[in-house]
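Student: I'm new to this one. Can we go through the terms and check each against the model?
Tutor: Sure, here it is.

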Amino acid sequence: MVISPAALLIETDAAAHQAWTITASGRGLRGRLQVPGDKSISHRSLMLGALALGETRIKGLLLGEDPRSTAACFQAMGATISDLEAEWVTVNGLGVGQLQEPSTVLDAGNSGTTLRLMLGLLASQPGRFFTVTGDDSLRSRPMARVINPLTAMGAKIWGRKNNQLAPLAIQGQTLAPTHYQSPIASAQVKSCILLAGLSVDGDTTVTEPSLSRDHSERMLRAFGANLTVDREACRVTVHGPSQLQGQTVVVPGDISSAAYWMVAAAIVPGSDLVIENVGVNPTRTGIIEALQQMEADITLENERDVTGEPVADIRVRTSQLKACTLGGSLIPRLIDEVPILAVAALFAEGTTRIEDAAELRVKESDRIAVTASQLNLLGASVSELPDGLEIQGGATLKGTDVDSFTDHRIAMSLAVAALRATGSTTIRRAEAAAVSYPPFASTLEQFAL
């Protein structure tokens, strides 16, 4: 398939891998656009809908590969979920503790959120047996961070490499209450344990070193769970057993998807872009704060609340960025946006350091190593740190062949970098973008090429 050959060429090989060849137009990004629904909220709305009594209606669900994996897993366990192509998706749930034993292996695809959150639910289904797996990337990602606290609650889980890697086998149990002191701020770890706690007789508490994204807490409350949140102590408790009732959920635009356009508008001369209807949950707005530290021209407009989540339109104009150091408690609130922040830093004045982000080494790829290596192929000067990156500003990029390493965030970050490169940039295995942003290429052509 060819889309406007002078700007974007999309080629697919026999193995179904896509290559995007991007030739920057040099024109600014102007106008208004919308991004797909928030991936984190999409996952959770499907899961809680499958656990709730009655019908859940979801508007704006992300139609990417990851939520499709979640839907397929819960359909295999007895939930009724309508066609994910529709504007409204309906889920008829089974009730907490009532997931059915599937007749086949549950496949989470590339989705760490699906697998990690689902483990808390599977472990707490007494008398039922489950097996779960994922793609090559997911089978290499660490699962001990959720298996260990679940085991302490009485879960029985077996896996490769001494119960650290998928495929995993789970024999559902009646779990005991716990107070888990998490060594890392991780929404996936926290959510996994809270979901397990829905079926527990007593209090299940998670305390984190800093506050991770809180979509699970917000949505559990909306569905009727008995929950106590102490934000100052970074502590959440679910009081179980707790039943859920079906709800109507409106999914806002994903701020992680909006981040690519924020950075693109900030670095491409002549840009003035409004990204509409974006979720601006304060546990997710680290990307905005980081770009503001870099003196990007970003404003929030039309701020409002939609089904318990803060939403706004984000306006970004071309800016002369300044280098900064990013680390500490800010990192959990922008962990997925580090690759695209590295692209912004290439065009900042000075040297930017991103620290305390070692978690990136166990994502869909080693995002620290891959971000550095692929940007350097374009002519950047990016050095790996054990827990982050050091990026020299003032880069002059030249188009060449780069690779996504089948990581959706790497593919889209490289596409934004290509907008400031001379000549043509070819991104191999760019089909990875469909995991979270299926129409990214068509939106790129419309607004930037």
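Tutor: The axes of helix H1 (residues 39–51) and helix H7 (residues 215–222) come within 10 Å and cross at roughly 35 degrees. Helices here are DSSP runs (H or I, at least four residues), numbered from the N terminus. The axes are lines fitted to C-alpha atoms over the stretch in contact, and angles run from 0 to 180 degrees between N-to-C directions.

Student: Which hand does the crossing of H1 and H7 have?
Tutor: Right-handed. That word means the near helix is turned clockwise from the far one by less than a right angle; anticlockwise would be left-handed.

Student: Which residues meet there?
Tutor: Ser40, Ile41, Arg44, Ser45 and Leu48 in H1 meet His215, Ser216, Met219 and Leu220 in H7, where contact means heavy atoms within 4.5 Å. They divide into 4 nonpolar, 4 polar and 1 charged.

Student: Why is Cys73 called buried?
Tutor: Buried means under 20% relative accessible area (exposed is over 50%, partly exposed in between; 1.4 Å probe, protein chains only). Cys73 has 1% relative accessibility, so Cys73 counts as buried.

Student: And what makes Cys324 buried?
Tutor: Its relative accessible area is 11%, so Cys324 is buried too.

Student: How many disulfides are there?
Tutor: The search of the whole structure finds 0. A disulfide needs two cysteine sulfur atoms within 2.5 Å, and for Cys73 the nearest cysteine sulfur, that of Cys192, is 14 Å away.

Student: What is behind these values?
Tutor: This is a predicted model: local features need pLDDT of at least 70, side-chain atom pairs count only at pLDDT 80 or more, and totals for chains, interfaces and linings use all residues. Residues are numbered from 1 along each chain as its sequence is written, and side-chain values use heavy atoms, leaving out hydrogens and water.

Note on methods
Helix = DSSP H or I, 4+ residues; strand = E, 2+ residues; numbered from the N terminus. Nonpolar A, V, L, I, M, F, W, Y, C, P; charged D, E, K, R; others polar.
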